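Good morning, colleagues. Please bring the sequence and the structure up on your screens, and I shall take you through selected parts in turn.

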Amino acid sequence: MKLLRLFAAHEMLAQWRSMRFRVIAVVYVVLVSAPAVALFLISGRTPRAIGPAAFNMFLLSEQPLLTALLAAGMAIDALSRERDEGSFPVLSVAPISSAGYVLRRWLSIVAICIPVTLLPTIISAALAVHTRIMLPLLPMFAEGWLVSVLPAVLVSSALALSLGTITGRAVLSIIFVALFFTIGLDTMNDLLFHVHRLHFAGPGDLFAGGERSIDELTWAIRGFWFPDVPSDAAFPLRARSRALVSRAGITGAMTIAFLALSTFYLRRTRRDLRPWKLAANHPLRTLIGGVNRIREEYAPDSGSGTADRVALIVGLILAGLLTASIVHEQAAFASLAAERFTGETEQGVPTSTGIVAEAVTIDAEIGIEGSLHGHVATIIRNTADHPESHFSFDLNPNVAVQKLAVTSGAARIRRVWERLDVDLDPPLAPHQARTMSFDLAGTPGDIRFELQSPGNFRSQWTRYRDAKQSIYLTDLSRSSILPAATEVRMRLRATDIAPVLRYSPWAVQPDDHGEGFLPETITTNTALALRLRHLYSIAVDSCGVVAASNEIVSRCSTPLASYLIFGGPLIQRPLGPAATLVFIPSHEALADAHAQSLASSIQIASEAWPQLSLPAHLVFVERPTEPGDRQWYNESMPWLTVEQIGARGAVFFVPEMLFTTRKPINANVFAASIIAGTLRGKRRVVSEDAGFFTRFFTSVAVGRLGMRKSTAVERGAGFTAETAPLLSEVFRPESRMAKVLAMLEYRVGSSHFIDGINDFVLRGGERAGTAKELVDAIGKAGGVDLTQTYEDYFVGRALPQLTLIDVTFHHVGQRWEVTGSVKNVGTGEAFVPIALRTAQGSLWQTIRVGDGARATFTFSAAGEPHALQLDPDRVCYRQASIGLIENVEYRGES
Amino acid sequence: MAPLIELHGIRKTYSDGHEALRGVDLTLGEGMFGLLGPNGAGKTTLLSILVLALEPTTGTMHFDGIDAASGRARLEIRRQIGYLPQDFQPLRNLTGAEYLVHCARLRGIAMTRRNIDRRARMLLDAVDLTDVSDRLSGEYSGGMRRRLGIAQALIHAPRMLVIDEPTAGLDPEERIHFRNLIAEVAEEVAVLLSTHISEDIEATCDRIAVLTNGVLVFDGGVDALMSRSGHATSLEEAYAAELLRHGSRAA
Ligand SMILES: Nc1ncnc2c1ncn2[C@@H]1O[C@H](COP(=O)(O)OP(=O)(O)OP(=O)(O)O)[C@@H](O)[C@H]1O
Ligand SMILES: [Mg+2]
């Protein structure tokens with residue numbers, strides 16, 4: 001320890017006096033802090049408030065790489081100072097072991113790098129604090145430094161020092177490192193592949209900060225939407241450090257091995273080497289002489305002590321352990337992937353709909369690292385009139401059932417990925433109930449497998465599994481698990497903490513829809529009694545409970561498929577008696593601004609739709625940005641970014657990126673969400689239509705609040721616009737929704753339109769409603785049949801294109817007769833108003849034009865016609881484009 | 001009591017086949033010992049073996065009775081030897097005083113910081129560097145560096161000081177100054193000094209050895225060497241005659 005201090009003190013003294021070091025250190029600090037300083041300079045003028053996470057991220061974007069260069073430079077400088085300046089012979093006779101010497105040398109370099117690398121961190125943290133008062137966020141910077149900068153210092157300096165010592169030359173060692181981590185690693189992967197199907201990825205991203213993210217952050221700061229900016233809520237230390245182990249793993253192992261090896265290459269005691277016997281006139285004399293010089297230069301020291309050998313062994317063991325842990329990780333993720341593959345390809349049998357979960361009692365605890373321990377008691381009743389023995393549940397694949405007890409009979413469990421099958425013996429008789437008690441343990445979360453794109457998980461895994469060449473393998477140890485509860489937030493679905501009955505088929509999403517199983521489409525209400533202990537300051541659930549303690553207790557009747565608990569290191573503020581705002585502590589100032597408009601939005605909502613009674617208590621939660629969050633903000637439809645949580649319409653997420661806009665969020669935006677949420681909460685709907693209902697109600701609310709700018713007409717420049725069914729989840733056809741709604745409102749009349757929705761929502765009863773029923777209710781209120789409309793636009797992708805043809809004007813006696821027809825060159829049924837403008841006012845007709853059909857019309861007018869117009873108010877859903885005639889003027893009889 | 005250093009049958013053949021030492025037997029005790037030999041005779045090779053920086057091809061070495069071949073012994077031997085290499089350079093960015101303290105710590109001297117400082121000052125005084133002790137050693141002249149090298153080699157109070165060609169490149173005044181310094185040191189510590197200049201050891205050495213072509217051709221008192229050549233009036237002449245004798249034999 002004393003010797004280490006000496007080394008470090010000497011290193012610092014020597015470096016501090018060297019002009020070169022001072023210049024390098026200053027350049028380093030300036031370069032690394034520059035992004036954060038630049039951020040600070042513009043921070044007052046950006047459309048989006050800049051939080052500490054942005055400062056931290058700007059800082060970390062360049063720092064690891066520059067730090068690696070700095071540390072390597074310091075190591076090489078220290079070596080050359082000793083060797084080139086000729087002071088090593090004296091040092092080498094000192095009575096310390098070579099291992100001790102190398103270790104202290106290394107640590108002394110680390111010791112000098114640490115204060116230098118901390119400077120930019122301190123500068124950036126100070127700037128972040130100066131921007132807004134948020135001292136509690138300083139740990140974020142400390143953690144960022146620990147996870148991203150310190151490893152770069154350790155690995156880079158050790159690598160440079162050990163290779164510099166072994167080769168004796170800086171340039172040579174750089175070439176060596178480059179070769180090793182490219183060709184060397186490739187070769188190793190090829191060789192390993194044949195034997196063990198292993199694959200190691202290089203050190204690249206150990207030092208890479210994230211070029212992409214700084215780009216995206218720049219865009220975000222300029223006010224554009226939704227890049228991958230970390231949350232201000234907390235630093236995801238655990239995920240980052242776990243990723244670090246797999247990223248640094250093989251590099252770290254190599255570094256340790258090199259460091260241990262370098263103790264034999266200090267050249268303290270030059271080994272005696274036997275000369276090669278060569279004839280004086282040997283033809284290859286010069287060449288062999290050269291080889292001999294290399295042999296001499298790279299012969300390990302003789303007379304190494306016990307300490308050095310122990311160090312080598314310890315080093316090799318450490319390197320081996322690290323490698324083994326990576327190999328183990330690879331195997332672990334491979335078996336998880338195999339299990340998921342089985343789960344997704346095997347035909348699982350769902351629970352029959354006669355089975356209901358009457359009541360579910362959950363008593364659970366979420367601990368550090370998102371670990372779960374829980375006890376769940378589910379009362380299951382057979383409402384059918386035949387016995388049932390098979391029950392299929394959905395449960396997060398990372399949560400294991402440790403014990404299952406049933407009130408009577410025996411239970412057999414089978415678990416594949418997220419499917420949990422329970423078979424009861426004897427079967428559950430008709431109208432009987434039985435209680436299943438589960439003991440659960442695990443860490444609920446999502447696994448992201450590091451597999452090669454393209455394709456969905458199944459094809460990616462098949463590619464990996466059946467690979468015949470190492471280029472198709474990936475380093476599976478770099479897969480990651482994103483726990484449902486991290487230090488940033490807790491986001492638990494019911495299936496994360498309890499087995500939830502699965503009724504819909506165990507079928508996977510079609511390729512263009514995403515990964516995993518199709519969502520549950522059949523939902524029933526369950527009496528839920530929940531008690532969850534956790535580590536966060538606040539938790540809310542989709543039933544509307546807000547618990548500002550380490551425990552949330554909730555009792556409500558809810559479909560489990562849409563139940564959600566959300567918590568985090570957040571704080572709350574009441575918004576009058578009827579609402580609560582929950583937000584990230586460092587966003588206090590922003591909360592002030594948004595609270596105003598939130599409060600008035602409640603007023604606006606209740607006035608805009610008086611028949612609706614709003615939920616007794618509304619909760620708005622600022623949702624911290626998730627890693628990999630990438631949504632595109634729709635400037636013209638900001639309400640789309642407020643998410644409604646659960647089926648009750650009481651809880652809303654305001655994404656952090658919306659919350660951090662400096663301009664207070666428009667009260668109408670919240671009002672629209674409140675109306676839509678309340679509509680959703682009043683009537684249970686089948687969950688396959690759940691997304692549609694959210695979009696539909698939001699669009700209706702937006703129209704109700706006078707925010708809909710859109711007419712019913714789709715613009716097109718000659719070619720047919722692409723459309724999607726309104727029920728489709730894929731393209732989220734928001735603009736089509738607005739246009740179709742404009743058309744519907746015209747067809748049934750504004751007040752009937754609202755009546756129809758109220759009918760569906762308020763008088764629908766307990767049964768889960770469908771989109772079809774909603775459309776029918778609207779049609780019924782307006783006295784029109786919307787069956788075809790539903791088929792064309794909700795289920796189909798129809799788009800009428802209407803044009804006037806053969807329009808003639810005749811003077812018949814005292815009156816005028818105008819005839820012609822409307823042709824639909826597009827698809828779908830259209831009801832289109834036609835107006836005849838005359839000297840004595842306008843005449844109107846609405847005519848029906850079927851798919852690809854032609855409909856004729858006749859007007860008889862008293863005044864002289866001016867023009868015939870097709871849908872001048874733009875209330876008929878259709879595409880208008882060049883070449884379609886919508887207006888025919890009368891220019892007198894020829 | 002065992003002699004301080006005992007070399008027996010030391011041979012060194014470099015890996016290119018060059019025989020730098022061809023069987024050297026040498027016993028060293030207290031006092032000052034001069035190793036005289038022309039350029040390329042093998043002096044640095046021999047000294048490197050002695051300070052454990054080079055492994056001999058064959059032969060044994062004992063230090064105070066301890067066999068240098070064992071790993072554990074090496075630490076002990078290193079503790080007992082002070083070494084001033086032929087091409088010595090201190091650490092440029094440290095002052096003379098700091099450099100001495102650094103060497104002291106590096107050698108693991110069991111002393112308090114105060115005592116180490118005091119010892120460093122004392123040594124700096126002894127090598128006449130007190131005035132410049134707070135200047136960076138990188139700014140020292142060749143002679144000053146060499147003197148700092150002596151101080152450095154003595155900082156841990158070794159039993160033997162090994163000095164390789166200390167006067168090479170020094171002006172005559174510095175050279176005399178340096179010789180006197182070594183003579184003073186030799187009163188307390190055993191000194192092994194290698195040189196190719198006989199004047200360096202003429203006045204001070206109790207015993208000298210002449211090394212040429214890797215072979216010790218003479219080992220004894222100054223007087224013995226003088227008398228061996230019969231008519232020599234100075235050590236210089238006697239040494240030259242000795243070299244000539246063996247040089248012609250080699251030729
Ligand atoms: N590493 C080596 N490989 C091969 N030969 C070497 C090596 N080091 C020294 N020699 C040779 O060994 C012989 C002895 O060298 P050494 O340096 O010991 O002589 P020296 O007496 O110290 O000479 P000088 O007075 O010039 O310092 C020389 O001929 C030299 O060329
Ligand atoms: Mg020499």
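Strand β19 of chain A, residues 618-623, is mostly covered in this predicted model: 6 of its 6 residues are buried. In a regular strand, side chains alternate between the two faces of the sheet. Which residues lie on each side of β19(A)? On one side are L618(A), F620(A) and E622(A), and on the other V619(A), V621(A) and R623(A). These residues are all buried, and both faces of the strand are thus covered.

Let us turn to the partners of this strand. Strand β18 of chain A, residues 579-583, pairs with β19(A) in the parallel sense, over 4 bridges. Within that pairing, V619(A) of β19(A) has T580(A) standing opposite. Strand β21 of chain A, residues 651-655, also runs parallel to β19(A), and 5 bridges join these two strands. Here the residue opposite V619(A) is V651(A) in β21(A). What is the handedness of the β-α-β unit made by β18(A), helix α15 of chain A and β19(A)? The unit is left-handed, and its helix, α15(A), covers residues 588-608. I would ask you to look at that crossover on your own screens.

A second sheet in chain A deserves attention. Four strands form an open sheet in the order β26-β25-β28-β30, with antiparallel pairing. At the edges stand β26(A), residues 841-849, and β30(A), residues 887-889; each has a single partner strand, so one side of each is left without a neighbour in the sheet. From one strand to the next, the twist averages 15°. Strand β25(A), residues 830-838, is joined to β26(A) by 9 bridges, and the two run antiparallel. To locate this pairing, find P833(A), whose bridge partner in β26(A) is T846(A).

I move on to helix packing. Consider helix α10 of chain A, residues 237-262, and helix α12 of chain A, residues 306-345. Their axes come within 8 Å and cross at roughly 170°. An angle over 145 degrees counts as roughly antiparallel, and α10(A) and α12(A) are therefore roughly antiparallel to each other. On the side of α10(A), the contact is made by G249(A), I250(A), G252(A), A253(A), I256(A), A257(A), A260(A) and L261(A). From α12(A), the residues in contact include A311(A), L312(A), G315(A), L316(A) and L318(A). Also among them are A319(A), L322(A), T323(A) and I326(A). By class, the residues of this contact divide into 13 nonpolar, 4 polar and no charged.

The other helix pair is α19 of chain A, residues 734-748, with α20 of chain A, residues 750-762. Their axes come within 6 Å and cross at roughly 105°, which makes α19(A) roughly perpendicular to α20(A). L741(A), L744(A), E745(A) and V748(A) in α19(A) meet S750(A), H752(A) and F753(A) in α20(A). This contact comprises 4 nonpolar, 2 polar and 1 charged residues.

L744(A) leads us to another residue, T789(A), which lies in helix α22 of chain A, residues 787-795. Is T789(A) buried or exposed? T789(A) has a relative accessible area of 2% and is buried. Leaving aside neighbours within four places in sequence, T789(A) contacts M743(A), L744(A), R747(A), F794(A) and E829(A).

A second hydroxyl-bearing position, S124(A), is found in helix α5 of chain A, residues 98-131. S124(A) counts as buried, at 0% relative accessibility. With neighbours within four places in sequence again set aside, S124(A) is in contact with A36(A), F55(A), L59(A) and F141(A).

Let us now visit chain B. In helix α3 of chain B, residues 96-106, 10 of the 11 residues are buried, so the helix is largely enclosed by the rest of the structure. Among the buried residues of α3(B) are Y99(B), H102(B), C103(B) and R105(B). The helix is followed by G108(B), whose phi is positive, near 65°.

Finally, chain A as a whole. Chain A has 22 helices and 30 strands, and its C-alpha trace spans about 130 × 80 × 60 Å along the principal axes. Of its 894 residues, 54% count as buried. Among contacts in chain A between residues at least 6 apart in sequence, 75% join residues at least 24 apart. Thank you for your attention.

Technical notes: Residues numbered from 1 in each chain as written. Chains lettered and ligands numbered in written order. Predicted model: local features only at pLDDT ≥ 70, side-chain atom pairs only at ≥ 80, totals over all residues. Heavy atoms only, no water. Axes fitted to C-alpha atoms, helices over the stretch in contact; angles between N-to-C directions. Parallel < 35°, antiparallel > 145°, perpendicular 65-115°, else oblique. Contact = heavy atoms within 4.5 Å. Nonpolar A, V, L, I, M, F, W, Y, C, P; charged D, E, K, R; others polar. Buried < 20%, exposed > 50% of the residue type's maximum accessible area, 1.4 Å probe, protein only. Pairing = 2+ DSSP bridges. Right-handed = clockwise from strand over helix to strand, strands pointing away.
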